[in-house]
Amino acid sequence: MKGLIALPCLALMLLSAQVSALCLYISDSYSGLLPPGVETTVYGPFTITSANGCAGATIDASASTGGGRAPQLIIQKQLGASWQSVATSFGSSASYSGSFGTYRVAMFNSDPDVKSYSGIAKYGR
């Protein structure tokens, strides 16, 4: 009797592992200039859905600048007509895992000078 219960559970576990393995990850680079004192969208917006087998939204963003203080790296989710910050970092990377939706990556330069930046965004789509 226990074997009859275990077999369907095992089959469901194998199927769910295969579905998440099908999630397509996109890695894309971005670069530009950050004006001082302004939040700037550096990548996106992009939409993450379940269409390609992803279990949810997973976003990794990294960036480097030409020196000075590290700018704030921000992952934002669109809520109606506005954007809500879901992850933020004053380091070189930020990550977020959550629900499907439309996202973008932004940076805020608190230095008084313009900074050049380059980065990579990786997300399941």
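Trainee: I see an open sheet of four strands that includes β1; what is its order?

Mentor: First, what counts as a strand. Helices and strands are DSSP runs, numbered from the N terminus: H or I over at least four residues for a helix, E over at least two for a strand. Two strands pair if DSSP finds at least two bridges between them. Here the order is β1-β8-β3-β6, and the pairing is antiparallel. β1 and β6 (93-98) are the edges. Each has a single partner strand, so one side of each has no neighbour in the sheet.

Trainee: How is twist read, and what is the average here?

Mentor: Lines are fitted to C-alpha atoms as axes, for helices over the stretch in contact; angles between N-to-C directions run from 0 to 180 degrees. In this sheet the twist averages 15° from one strand to the next.

Trainee: What kind of model is this?

Mentor: A predicted one: local features need pLDDT of at least 70 and side-chain atom pairs count only at pLDDT 80 or more, while totals for chains, interfaces and linings use all residues. Residues are numbered from 1 along each chain as its sequence is written, and side-chain values use heavy atoms, with hydrogens and water left out.

Trainee: How many bridges join β3 to β8?

Mentor: Seven, between β3 and β8 (residues 115-124), and the two run antiparallel. Use Ile59 as a marker: Tyr123 in β8 stands opposite Ile59.

Trainee: Which strands make up the open sheet that has β2 in it?

Mentor: Four strands, in the order β2-β7-β4-β5, with antiparallel pairing. At the edges are β2 (39-48) and β5 (82-89), each paired on one side only. Neighbouring strands of this sheet are turned by 25° against each other on average, direction ignored.

Trainee: What joins β4 to β7?

Mentor: Six bridges link β4 (residues 72-79) with β7 (residues 101-108), and the strands run antiparallel. One residue pair to find is Gln72 with its bridge partner Phe108 in β7. On to β5. It pairs with β4 in the antiparallel sense over seven bridges. Lys77 has Gln84 in β5 as its bridge partner. The hairpin of β4 and β5 has two residues between the strands, and Gly80 there takes a positive phi near 65°.

Trainee: How many disulfides does a search of the whole structure find?

Mentor: A disulfide is a covalent bond between the sulfur atoms of two cysteines. The test is a pair of cysteine sulfur atoms within 2.5 Å. The search finds one. Cys23 is joined to Cys54, S to S 1.9 Å. The pair links distant parts of the chain, 31 residues apart. Cys23 is in the loop between α1 (2-21) and β1 (25-34), and Cys54 is in the loop between β2 and β3 (57-65). The S-S torsion is about 75°, so the disulfide is right-handed.

Trainee: Are Cys23 and Cys54 buried or exposed?

Mentor: Buried means under 20% relative accessible area, exposed over 50%, partly exposed in between (1.4 Å probe, protein chains only). Both cysteines are buried. Over the protein chain, buried residues make up 33% of the 125 residues.

Trainee: Now Asp111; where does Asp111 lie?

Mentor: In the loop between β7 and β8. Asp111 has 13% relative accessibility, so it counts as buried. For polar contacts, look for N or O atoms within 3.5 Å; within protein, one must be able to donate a hydrogen and the other to accept it, and residues adjacent in sequence count only if both atoms are side-chain atoms. The Asp111 side chain makes such a contact with the side chain of Lys115, at 3.0 Å. Plain contact means heavy atoms within 4.5 Å. Leaving aside residues up to four places away in sequence, Asp111 touches Pro36, Gly37, Gly68 and Arg69.

Trainee: What does Thr102 do in strand β7?

Mentor: Its side chain has a polar contact of 3.0 Å with the side chain of Thr47. Beyond four places in sequence, the residues Thr102 touches include Phe46, Gln76 and Trp83.

Trainee: And Val86; which strand holds Val86?

Mentor: β5. Val86 is partly exposed, at a relative accessible area of 25%. Val86 and Tyr96 are 10 residues apart in sequence and 7.0 Å apart in space, C-alpha to C-alpha. Beyond four places in sequence, Val86 touches Ile75, Gln76, Lys77, Tyr96 and Tyr103.

Trainee: How many helices and strands does the protein chain have?

Mentor: One helix and eight strands. From the N terminus on, they run α-β-β-β-β-β-β-β-β. Of the contacts with a separation of 6 or more, 77% are between residues 24 or more positions apart.
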